[in-house]
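Visitor: I'd like to go through this structure with you and ask how each label is earned. Could you show it to me?

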Amino acid sequence: MEGTLYSLIPAVLMLVLVLWTRKLLLSLGTGIIVGALLIHDFDILLAIQQIWLVFRDIFYTTDGWNVGNFYLLVFLILLGIMTVFMTASGGSKAFGDWAINKIKTRKNAQIMPFALGILIFIDDYFNSLAVGQIARPVTDRHKISRAKLAYFIDSTSAPVTVITPISSWGAYIIGTLGSIFVANEIVEYQPLEAFVKMIPYNIYALVAIVFVLLVALLNINIGGAMKKHEKRALRTGEVLDPAKNIAAVQAKEVHIFNKHGKIIDLVIPIAVLIVATVAAMLVTGKMALDEEATVLKLFENTNVNLSLFVGGLFSVITALLLYLRLPNRQLSIAKISWKGTLSMMPAIYILVLAWMIGAIIEIIDTGGFLAQLIDKVAFNPDYLALLLFILAGFMALATGTSWGTFGIMLPIAAQIAVLYDVSYVIPAMAAVLAGSVFGDHCSPISDTSILSSTGAGSDHMDHVITQLPYAFISALAAGIGYLFLGITDQIGIALLMAFVTILLFVVWFIWNKRQSE
């Protein structure tokens, strides 16, 4: 079954079930079971053993404890605890009251998460969670649905980090480019130089960022699902669907707050989270190197999960100290810690199952099968970037990982491009990055999407379903851009056509909206 057409079954089945039932845990579990059965030719006992092994390997492998995953899961719990502290102290309410006076329009409230997403470019995980914590009190006050907030967060975090050299993504990609260039004897570019030259060719990321800004400015609600969430929020003030039992974001949210709380009870813990996390990234990057290094090199070697844990720990301690200074505390420290932990459990369940199906998909070699397809397709090399964009998008959608798609597809893209002409290398690899981010935006098992819905306090499937139309429109515009790149060999024309496509859609949407009013 490995590396064949059958290797698509677990991913496709999972995606179909997700869209059909909207039950993510059931769909992930089904994909895991079916994948394990396929790996072992439907031997039930071996399949059960395989499921246990992929679960165990999340925490412990033959090489020892998987400390990085522990750090990330504990960070999520710390983030939940910090959020409850900020709410119970009255910091979130105080910040919301202040913001309601400063950010007076719904338009500006929607621009806020976009602007924060651009500014917090260090890491996609950090971006997703930090932006949600800061923006949520403001967007809630202006009756912006949590699904809309999750879209703003998700569609800025990955696109921004994938085009920023000084970020965890940029550092990883630059490091990967170095080994690819050596393996293919590419001497025309240095890794950092190549990354910078790839930025304008990363059409999907650029289009997605511009589209988010237009959506925020013009309040564009595409598709029945997003319209439904936004209409309900405006009409009733309910930013979440009350018909659902959303344990993470509704039943477990704290509504008791201290009347003596101030804005500092929210701002200082978040500031500590940002400063401590970035400092830890630089320190862990330095610890991994023996020689003097540039900032870029430090980010290339940083331990992101450990840094998030350190930042989360310092921020919780800060929030605790601020809470203890307040009189008339209504919630005990133990109760706050318990509620914060409970609030993050659904996200942790989803993340663990996403890791498990990711491991199953890797064993059954879904990515390898998709990568082989490109060798069997006869095509004009001028359209290599378009082909790679489509293939990388489907691979990231099926596997739920941008970085995994980078690892598989970037070497293949470079190898094929060099066979024709070294000038194809930059657009080919940039198209892989673009397609990977697109697929990541559409995949319900993408860790970035999971953390974006967590940061926004949105139901995860609500986020996935409502984001799909926006992602597909951005992908269509990017695809048209790559098509014109093949026709003209001019990136300026390609970008122009991609942005014109988005603008035409926006004009059509506004005209259609006015006609229906």
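Visitor: What makes Val162, Ile163, Ala430, Leu433, Ala434 and Tyr482 contacts of Asn202?
Guide: Contact asks for heavy atoms within 4.5 Å, and those six residues are in contact with Asn202 once its neighbours within four places in sequence are left aside. Do keep in mind that this is a predicted model. Asn202 itself sits in the loop between helix 10 (191–198) and helix 11 (203–218).

Visitor: Why is Asn202 called buried?
Guide: Buried means under 20% relative accessible area. Asn202 has 2%, so the label buried applies.

Visitor: Another loop residue, please: why is Ser145 called buried?
Guide: The relative accessible area of Ser145 is 0%, so Ser145 counts as buried. Ser145 belongs to the loop between helix 7 (124–141) and helix 8 (146–162). Beyond its neighbours within four places in sequence, its contacts are Met226, His229, Glu230, Ala233 and Val239.

Visitor: Several of those names lead on to helix 12. How do you know that the span of helix 12 agrees with what is expected?
Guide: Helix 12 (residues 223–236) has 14 residues, which at 1.5 Å a residue should span 20 Å; its end C-alpha atoms are 20 Å apart, and therefore the two agree.

Visitor: What puts the buried residues on the same side of helix 12?
Guide: The buried residues are Met226, His229, Glu230, Arg232 and Ala233. They cover an arc of only 160 degrees around the axis, so they lie on the same side of helix 12. They pack against helix 6 (106–119), helix 8 and helix 23 (460–488). On the other side of helix 12, Gly224, Lys228, Lys231 and Arg235 are exposed. After helix 12 comes Gly237, whose phi is positive, near 85 degrees.

Visitor: What makes the pair Lys148 and Glu230 a salt bridge?
Guide: The rule wants a Lys or Arg side-chain nitrogen within 4 Å of a carboxyl oxygen of Asp or Glu. In this pair the closest N and O atoms are 3.6 Å apart, and a salt bridge is formed. The pair links distant parts of the chain, with Lys148 in helix 8 and Glu230 in helix 12, 82 residues apart. Both Lys148 and Glu230 are buried. A network of salt bridges links Arg106, Lys148 and Glu230.

Visitor: How many salt bridges does this rule give?
Guide: The count is 6 salt bridges. One of them joins the side chains of Lys197 and Glu193 at 3.0 Å, N to O. Lys197 and Glu193 are both in helix 10, 4 residues apart, about one turn of the helix.

Visitor: Why is Lys197 called partly exposed?
Guide: Partly exposed runs between the 20% that bounds buried and the 50% that bounds exposed. Lys197 has a relative accessibility of 39%, so partly exposed is the right label. Glu193 has 31%, and therefore is partly exposed too.

Visitor: Now helix 16. How do you know that its buried residues share a side?
Guide: The buried residues of helix 16 include Val304, Leu308, Gly311, Gly312, Ser315 and Ala319. The full set covers an arc of only 165 degrees around the axis, which means the same side of helix 16. Helix 16 (residues 304–324) has 21 residues and reaches 30 Å from its first C-alpha to its last, close to the 30 Å expected.

Visitor: Why does Gly312 count as buried?
Guide: Gly312 has a relative accessible area of 1%, so buried fits. Phe75, Leu78 and Leu273 are its contacts outside the neighbours within four places in sequence. Gly312 and Phe75 are 237 residues apart along the chain, with 5.8 Å between their C-alpha atoms.

Visitor: Last one: what makes Pro411 partly exposed?
Guide: Pro411 has a relative accessible area of 30%, so it is called partly exposed. Pro411 lies in helix 20 (residues 402–420) and is in contact with Ile180 and Phe406, leaving aside neighbours within four places in sequence. Pro411 and Thr176 are 235 residues apart in sequence and 8.7 Å apart in space, C-alpha to C-alpha.

Terms used. Residues are numbered from 1 along each chain as its sequence is written. This is a predicted model: local features need pLDDT of at least 70, side-chain atom pairs count only at pLDDT 80 or more; totals for chains, interfaces and linings use all residues. Side-chain values use heavy atoms; hydrogens and water are left out. Helices (H or I, at least four residues) and strands (E, at least two) are DSSP runs, numbered from the N terminus. Buried means under 20% relative accessible area, exposed over 50%, partly exposed in between (1.4 Å probe, protein chains only). The expected span of a helix is 1.5 Å times one less than its number of residues. The arc is that of the directions from the helix axis to the C-beta atoms.
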